[in-house]
Amino acid sequence: MQRRAFIQKSSLAATALLTVPHFPYKQGPLYSTEELMGKADLELFGKGINLRKEAHDAFVAMHKGAEAEGFNIKMVSSYRSYARQKAIWERKYVKYTDQDNMEPLDAMAKIIEYSTIPGTSRHHWGTDIDIIDANAKVSGDVLVPSKFEEGGPFEGLKQWLDKCANDYGFYLVYTDSYFRKGFKYEPWHYSYAPTAKPMLKQYRKLNILKTLSEADILGAQHYTRAFLLDYIHNNILDINPELL
């Protein structure tokens with residue numbers, strides 16, 4: 001009797017599995033290698049903003065929130081193409097090697113204190129921003145850490161961002177954590193996490209070492225395996241854990 005009941009229940013369960021609708025697994029958005037490396041023709045939104053739609057909308061909301069507190073968030077940099085990053089890299093490389101007579105690896109180590117190797121910049125993704133307060137009185141280079149500290153012209157905005165930026169999905173990328181390596185502290189650089197996190201996850205699946213080794217940029221012939229591995233580990237991946 002018990003065996004018959006078991007068989008009946010098993011048959012019913014099997015029938016249920018056959019009749020319950022099956023929904024295909026929905027993957028997140030897939031990004032091409034060209035997109036991840038800044039070589040794609042992206043659709044960007046917002047005059048003077050130039051971000052992917054979702055990041056643009058979040059930025060507009062954050063801008064309104066900051067404006068209500070007396071701050072005028074100004075975009076210093078957002079989307080940056082591979083070609084633009086290459087121009088920045090090569091200008092600095094020429095300066096350090098030709099004008100300052102630095103050895104190639106020393107010059108590249110100097111460049112990557114703040115600037116990325118083309119093809120590895122988070123600005124390629126249309127999710128990352130460099131921002132300041134346009135209402136503040138300031139002279140000279142604006143992207144200087146001390147200008148975001150106590151007594152600096154952007155102190156107020158920095159305090160507001162520390163408190164509110166995460167509410168809009170934006171997270172500081174290169175923090176001032178004592179244990180973090182790679183790029184120096186950038187209190188102006190924020191990333192829209194809901195899009196940037198899956199993009200980084202997919203970016204990590206690329207053969208970054210091979211791609212960088214074959215790059216057609218000044219100085220690439222002087223790359224060593226140790227230099228590139230250190231760059232990938234410290235500069236690309238040693239970031240705010242909230243963005244991993």
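In which hand does H4 pass H5 in their crossing? The structure under discussion is a predicted model, and in it H4 passes H5 in a right-handed crossing.

**The crossing of H4 and H5**

Two packed helices are described by the angle between their axes and the distance between the axes. The axes of H4 and H5 come within 9 Å of each other and cross at roughly 130°. H4 is therefore oblique to H5, since this angle falls in none of the ranges for roughly parallel, roughly antiparallel or roughly perpendicular axes. On the H4 side, the contact is made by Trp 89, Lys 92, Tyr 93, Tyr 96 and Thr 97. On the H5 side, it is made by Pro 104, Ala 107, Met 108, Lys 110 and Ile 111.

**The chain as a whole**

The chain has nine helices and four strands. Along the sequence, these elements follow the pattern α-α-α-β-α-α-β-α-β-β-α-α-α. Of the 244 residues in the chain, 45% are buried. Among contacts with a separation of 6 or more, 70% join residues that are 24 or more positions apart.

**The nonpolar cores**

The largest nonpolar core has 35 residues, and those with the most contacts inside it are Trp 89, Ile 117, Ile 217 and Tyr 223. The elements that give two or more residues to this core are helix H4 (82–99), helix H5 (104–111), helix H7 (193–203), helix H8 (208–213) and helix H9 (225–236). Trp 89 thus has two roles, because this residue is among those with the most contacts inside the core and also takes part in the contact between H4 and H5, where H4 is oblique to H5.

Which residues are in contact with Ile 217, leaving aside its neighbours within four places in sequence? They are Tyr 82, Lys 86, Trp 89, Glu 90, Ile 117, Pro 118 and Tyr 223. A second, separate core has 22 residues, including Leu 51, Ala 66, Leu 161 and Ala 165.

**Salt bridges**

Side chains of opposite charge can pair when their charged atoms come close. A search of the whole structure finds nine salt bridges. The table lists some of them with the N to O distance.

| Pair | N to O distance |
|---|---|
| Glu 35 and Arg 52 | 2.9 Å |
| Lys 158 and Asp 162 | 2.6 Å |
| Glu 214 and Lys 210 | 3.0 Å |

The side chains of Glu 35 and Arg 52 meet in a salt bridge. Glu 35 lies in helix H2 (residues 33–36) and Arg 52 in the loop between H2 and helix H3 (53–67), so the pair ties together parts that are 17 residues apart in sequence. Glu 35 has a relative accessible area of 16% and therefore counts as buried, the cut-off being under 20%. Arg 52, at 11% relative accessibility, is buried as well.

Lys 158 and Asp 162 both lie in helix H6 (residues 155–164), where they are four residues apart, about one turn of the helix. Lys 158 is buried, with a relative accessible area of 8%.

Is Glu 214, which pairs with Lys 210, buried or exposed? Glu 214 is exposed, because its relative accessible area is 54% and the cut-off for exposed residues is over 50%. Lys 210 is partly exposed, with a relative accessible area of 44%.

Finally, Lys 110, Glu 113 and Lys 184 are linked in a network of salt bridges. Lys 110 is also one of the H5 residues that make the contact with H4.

Methods. Residues are numbered from 1 along each chain as its sequence is written. This is a predicted model: local features need pLDDT of at least 70, side-chain atom pairs count only at pLDDT 80 or more; totals for chains, interfaces and linings use all residues. Side-chain values use heavy atoms; hydrogens and water are left out. A nonpolar core is a set of buried Ala, Val, Leu, Ile, Met, Phe, Trp, Tyr and Cys residues joined through side-chain atoms within 4.5 Å. Buried means under 20% relative accessible area, exposed over 50%, partly exposed in between (1.4 Å probe, protein chains only). Contact means heavy atoms within 4.5 Å. A salt bridge is a side-chain nitrogen of Lys or Arg within 4 Å of a carboxyl oxygen of Asp or Glu. Axes are lines fitted to C-alpha atoms, for helices over the stretch in contact, and angles run from 0 to 180 degrees between N-to-C directions. Angles under 35 degrees count as roughly parallel, over 145 as roughly antiparallel, 65 to 115 as roughly perpendicular and the rest as oblique. A crossing is left-handed if the near helix is turned anticlockwise from the far one by less than a right angle, and right-handed if clockwise.
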